[in-house]
Amino acid sequence: MARAVTPTRRNLTTAAAWLVGFLIFFPILWIVILSFKTEGDAIGTPWHVLTSGWTTEAYATVQSRSDYFLHFGNSVFISVGSTVLGLIIAIPAAWAMAFVPGKRTKDVLMWMLSTKMMPAAGVLVPIYLMFKNAGLLDSRVGLTVVLMLIDLPIIVWMLYTYFKEIPGEILEASRMDGATLRDEILYVLTPMAIPGIASTLLLNIILAWNEAFWTLQLTTVDAAPLTQFIASYSSPEGLFYAKLSAASTMAIAPILILGWFSQKQLVRGLTFGAVK
Amino acid sequence: MATQHSRAAARLMISPAVVLLLLWMIVPLAMSIWFSFQQYNLLYPDNTGFAGWENYSYFATDLRFWPAIRNTLVLVLGVLAITTVGGTLLALLLDQPIWGQGIVRLLVLAPFFVMPTVSALVWKNMFMNPVNGLFGHLAHALGLPAFDFLGQAPLFSIIVIVAWQWLPFATLILLTALQSLDSEQIEASEMDGASALSRFIYIVVPHLTRALTVVILIQTIFLLSVYAEILVTTNGGPGTASMNLPFLVYLASLKEFDAGMGAAGGVIAIILANIVAIFLMRAIGKNLEA
């Protein structure tokens, strides 16, 4: 909707938008600033925080006092693992529904969406007990499977909306040119499907990285991802602002950067293709 | 084009996903219902037996039950109100021609990618803490008494924290919808002499309905299950002031070890979610047809 406006108006709306953007982003900026302070400076007045010296001390302490890299590794394992596993199961399903739609395809899709309506608390007791009896509490593999199941409907939906956009005519054209089924899949469909698969991968890694019900319930130490690691700061270490800030900055930075790259896909993925 | 053969292949390709989701839906659900009718305390695993409706009546007469239901609804509605109204206004602002729109978009979007435990702890300690938090410092500088947000207004404070996380999501989706608005339609209405207000009411709002429906649906799914933000800030307290249903289920089953009662609470949570879901699925189903 870009329309011509007067420069004054443009300057005013620009100022307003930047102000709002800054305020919304401010808490993140603030923890990044606090993470480069000593504990003593971090609890001072805002003025003191901004004018005191800078140090990377807090990062060093977080590193040496806790197994930050263990938890970071767990987060990577769980989020990437659950997403890749989900893709392996979802790609054939979404493919079939997009290219060989049947009478019930819409119903299956809506049903899959409905499984997302199950509140996690509703099945906490059975899942917890199953994990306990199977010795899967605090195991990365168990948690990976649960997160894969939670995100499977979103993965199928996202892929479906992407595959749906691959025009069928292109298949007919390639067949006319004498392509075999194998050629069709390898040289025609796959290159067109890869961007959609990549977007789905990215978004679901973000979702799994930030998941904070099952990761908190089913892990304690060994399999604990960053969500659980940060939760351990809730007391009394939360009073150590610089360390909490350093740990928080390290926990959100990688995913923030990934997220900024995937903002377009985010809309489509989270709205089940209803808004593009 | 679909032959008998390709249909069979398609069914085979779909079945792993369907079977897994079916198991994921049915097995834990059946077990939840089963446990909810059993005497089952994790501390006394041998003391089992049929409990009838006992778990449900215990759960429903628990002094924390009605506050938890009320808080669950207040939390969902409060966050929805802030994010839909705020998101619409923000989307309208960002849709204007502004310098550096891309960067502002990134700034506004950022909180969505912050994991719930981080955002809750940061707000709790660095902002809402009455002594060392930023709001406390500001109040001090202005000569006002510091306000203990999480002690005095725990549910409101949690609503603010959760709304901060979801405002970017609502804004982004509504902005995407706004940008797909046909500019010729707007221009035509301008030429016909429509005022800015009537353009907004008759063109922009109807166009946004679908996106708003989607925003409300998706946020409701997630907001009914808010848990981490409560765990690291107030633990449901003081008293029951910020306890919601998921948190009460967690307390009953894993902190008080009454798995039977926890399961009964879980079944109630499922019923509540489904009542909401029926309305919302109907809305999204209708919208998806278009």
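The paragraphs below lead through a predicted model with two chains, A and B, going from the whole chains to single residues.

Because the model is predicted, local features are described only where pLDDT is at least 70, and side-chain atom pairs count only at pLDDT 80 or more, while totals for chains, interfaces and linings use all residues. Residues are numbered from 1 along each chain as its sequence is written, and chains are lettered from A, with ligands numbered from 1, in the order in which they are written.

We can begin with confidence. The model as a whole scores ipTM 0.86 and pTM 0.88. For chain B, the average pLDDT (the predictor's confidence in each residue, from 0 to 100) is 86, and 96% of the residues score at least 70. Within chain B, the mean is lowest, at 76, in strand β2 (residues 44-50), and highest, at 94, in helix α3 (residues 65-94).

Chain A has 14 helices and zero strands, where helices are DSSP runs of H or I with at least four residues, strands are runs of E with at least two, and both are numbered from the N terminus. An automatic or database domain assignment divides chain A into domain 1, residues 7-59, and domain 2, residues 67-232. The centres of these two domains, taken over C-alpha atoms, are 36 Å apart.

The dimensions of chain A can be described in two ways. Along the principal axes, its C-alpha atoms fill a box of roughly 75 × 70 × 35 Å. Its radius of gyration is 23 Å, whereas a compact globule of 276 residues would have a value near 19 Å; this radius is taken over C-alpha atoms, and the globule rule is 2.2 Å times the number of residues to the power 0.38. Of the 276 residues in chain A, 45% are buried, a word that here requires 20 or more other C-beta atoms within 10 Å of the residue's own, while exposed residues have 12 or fewer and partly exposed ones fall in between, with C-beta atoms placed from the backbone. Two residues are in contact if their C-beta atoms, placed from the backbone, lie within 7 Å, and among the contacts in chain A with a separation of 6 or more, 76% involve residues 24 or more positions apart.

Chain B contains 13 helices and two strands. Its radius of gyration of 24 Å is well over the 19 Å that the globule rule gives for 290 residues, so chain B is more spread out than a compact globule. The C-alpha trace of chain B spans about 80 × 80 × 30 Å along its principal axes, and 44% of its 290 residues are buried. Among contacts in chain B between residues at least 6 apart in sequence, 69% join residues at least 24 apart.

We now turn to the place where the chains meet. There, 83 residues of chain A are in contact with 88 residues of chain B. Helix α1 (residues 7-34) of chain A gives the most to the side of chain A that touches chain B, with 16 residues. That side of chain A divides into 65 nonpolar, 16 polar and two charged residues, where Ala, Val, Leu, Ile, Met, Phe, Trp, Tyr, Cys and Pro count as nonpolar, Asp, Glu, Lys and Arg as charged, and the others, Gly among them, as polar. Phe25(A), which lies in helix α1 of chain A, offers an example, for beyond its neighbours within four places in sequence it is in contact with Leu107(B) and Ala110(B). Phe25(A) counts as partly exposed because it has 18 C-beta neighbours inside 10 Å.

The largest nonpolar core, a set of buried Ala, Val, Leu, Ile, Met, Phe, Trp, Tyr and Cys residues joined through C-beta atoms within 7 Å, has 164 residues, and those touching the most other members are Ala90(A), Ala94(A), Val156(A), Leu159(A), Ile230(A) and Ile173(B). Domain 1 and domain 2 of chain A both give residues to this core, so it lies between them. Not counting residues up to four places away in sequence, Val156(A) touches Ala90(A), Ala93(A), Ala94(A), Met112(A) and Ala17(B).

Two exposed residues complete the picture. Pro195(A) lies in helix α10 (residues 181-210) of chain A and is exposed because it has 11 other C-beta atoms within 10 Å. Pro195(A) and Tyr162(A) are 33 residues apart in sequence and 8.7 Å apart in space, C-alpha to C-alpha. Leu23(B), found in helix α1 (residues 4-36) of chain B, is exposed with 11 other C-beta atoms within 10 Å.
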